Amino acid sequence: MAGRSLRAARHHLSPLLSLGARRPCSTAAQQRSTGDECGPEDPRDEPRHPLSERTLELKASKLEEQVRDLTERYRKALADSENVRRRTQKFVEDAKLFGIQSFCKDLVEVADILEKTTESAAREAEPSDPKPTLKKICEGLSLIEAKLQSVFAKHGLQKMSPVGGKYDPYDHEIVCHVPAEGMQPGTVALVTQDGYKLHGRTIRHAHVGVAVESQE
C-alpha cells in the first residue's frame, strides 16, 4: 500500500520536476539574448560624474579672459609693427628728398656769387659803349642764373622772397633794423642774403632787416 502511494506521488510530481529542470536553461538563454540585469555590469556602462555647472562657468570665464589678453597683445603688436613700418618709410622718403641737402647748401653759395657778378656786370655795362661785349656777358650771366634757378626748382630747392612778409624766426635771421616807413613794424624790409628751402625745409636762413617803429 505504501509503495503504491509513493509511485502515485512521483507520478504527480514528475511534471513539476521536469518543468523546474527546463526553466534554468530557458532563463540562461533569455539572459544571453536580452541581458540579465542581475549579471555582472559592463564597466564602460558605469555613469560618469559630470563636472558641476559652477566649475564649467569658472573654466569658461578663464578661457574668455585668456582670449581677451591674447587679443589685446596681438593688437598692440600689430600697432607697434605699423608704427615701425611708417617710421621706416618716412626715414627712406626723407633720405631720398634731403640726401642732397649738403650739396644744395654749397650750391646756393655759387648762386650767390653768380647773382652778384651779374648785378655788377649790369652796372658796369653802358648802353652807349660801341663794343657791347660787357653787355653780352651780362646777358649771358642772366641766362645762366635763370637756368640755375630753374634747376633748383626742379629738385625742390626754392629761393625765399620774404620782403613785405612777416618776420619768421624759423626762416629768417635778423641782421639789422630799419625804420618802418610805410611798412608795418615786424615785417621784413630788406634782404642781405637770400634764404633757401629744400622741399619746404629751410636749409639756409635769409638774412633780413626788419622794420621797427622810429623813435623820435
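Val-191 stands opposite Val-208 in strand S6. The exercises below start from this pair. The model is predicted, so local features need pLDDT of at least 70 and side-chain atom pairs count only at pLDDT 80 or more, while totals for chains, interfaces and linings use all residues. Residues are numbered from 1 along each chain as its sequence is written, and side-chain values use heavy atoms, with hydrogens and water left out.

**Exercise 1. The elements**

Task: State how many helices and strands the protein has, and in what order they run.

Solution.
1. The count gives four helices and six strands; both are DSSP runs numbered from the N terminus, helices being H or I with at least four residues and strands E with at least two.
2. Read from the N terminus, the order is α-α-α-α-β-β-β-β-β-β.

**Exercise 2. The sheet that contains S6**

Task: Describe the sheet formed by S2, S6 and S3, giving its strand order, its pairing and its edges.

Solution.
1. The sheet is open, its three strands stand in the order S2-S6-S3, and the pairing is mixed; two strands pair if DSSP finds at least two bridges between them.
2. S2 and S3 are the edge strands, and each has a single partner, so one side of each lacks a neighbour in the sheet.
3. On average, neighbouring strands here are turned by 30° against each other, direction ignored; axes are lines fitted to C-alpha atoms, for helices over the stretch in contact, and angles run from 0 to 180 degrees between N-to-C directions.
4. Seven bridges connect S2 with S6 (residues 206-212) in the parallel sense. Within this pairing, Glu-173 faces His-207 of S6, and Ile-174 has Val-208 of S6 as its bridge partner.
5. On the other side, S3 and S6 are antiparallel and joined by four bridges. Val-208 of S6 is the residue opposite Val-191.
6. S6 is mostly covered, with five of its seven residues buried; buried means under 20% relative accessible area, exposed over 50%, and partly exposed in between (1.4 Å probe, protein chains only).

**Exercise 3. The other sheet**

Task: Work out the order and pairing of the sheet that contains S1, S4 and S5.

Solution.
1. These three strands make an open, antiparallel sheet in the order S1-S4-S5.
2. S1 (157-159) and S5 (201-204) stand at the edges with a single partner strand each, so one side of each has no neighbour in the sheet.
3. The average turn between neighbouring strands of this sheet is 35°, direction ignored.
4. S1 and S4 (residues 196-198) run antiparallel and share three bridges; Gln-158 is paired with Lys-197 of S4.

**Exercise 4. Three residues**

Task: Classify His-172, His-199 and Leu-143 as buried, partly exposed or exposed.

Solution.
1. His-172 belongs to strand S2 (residues 172-179). Its relative accessible area is 8%, so His-172 is buried. Leaving aside residues up to four places away in sequence, His-172 touches Pro-162, Lys-166, Tyr-167, Val-188, His-205, Ala-206 and Val-208; a contact means heavy atoms within 4.5 Å.
2. His-199 is located in the loop between S4 and S5. Its relative accessibility is 38%, so His-199 counts as partly exposed. Although His-199 is not a glycine, it has a positive phi of about 55°.
3. Leu-143 is part of helix H4 (residues 133-154). With a relative accessibility of 63%, Leu-143 counts as exposed. Its C-alpha atom is separated by 9.8 Å from that of Thr-118, 25 residues apart along the chain.

**Exercise 5. The lining of the largest pocket**

Task: Identify which elements supply the lining of the largest pocket, and sort that lining by class.

Solution.
1. The lining consists of Asp-112, Glu-115, Lys-116, Glu-119, Val-191, Thr-192, Gln-193, Asp-194 and Arg-204. On a 1 Å grid over the protein atoms alone, a cavity is a set of points where a 1.4 Å probe fits but cannot get out, and a pocket is an open set with protein on both sides within 12 Å along at least five of seven lines; lining residues have an atom within 4 Å of a point.
2. Helix H3 (101-124) and strand S3 (188-193) each provide at least two of the lining residues. H3 gives the largest share, four residues.
3. By class, one lining residue is nonpolar, two are polar and six are charged; Ala, Val, Leu, Ile, Met, Phe, Trp, Tyr, Cys and Pro count as nonpolar, Asp, Glu, Lys and Arg as charged, and the others, Gly among them, as polar.

**Exercise 6. The whole chain**

Task: Report what share of the residues is buried, and what share of the contacts joins residues 24 or more positions apart.

Solution.
1. Of the 216 residues, 16% count as buried.
2. Among contacts with a separation of 6 or more, 65% are between residues 24 or more positions apart.
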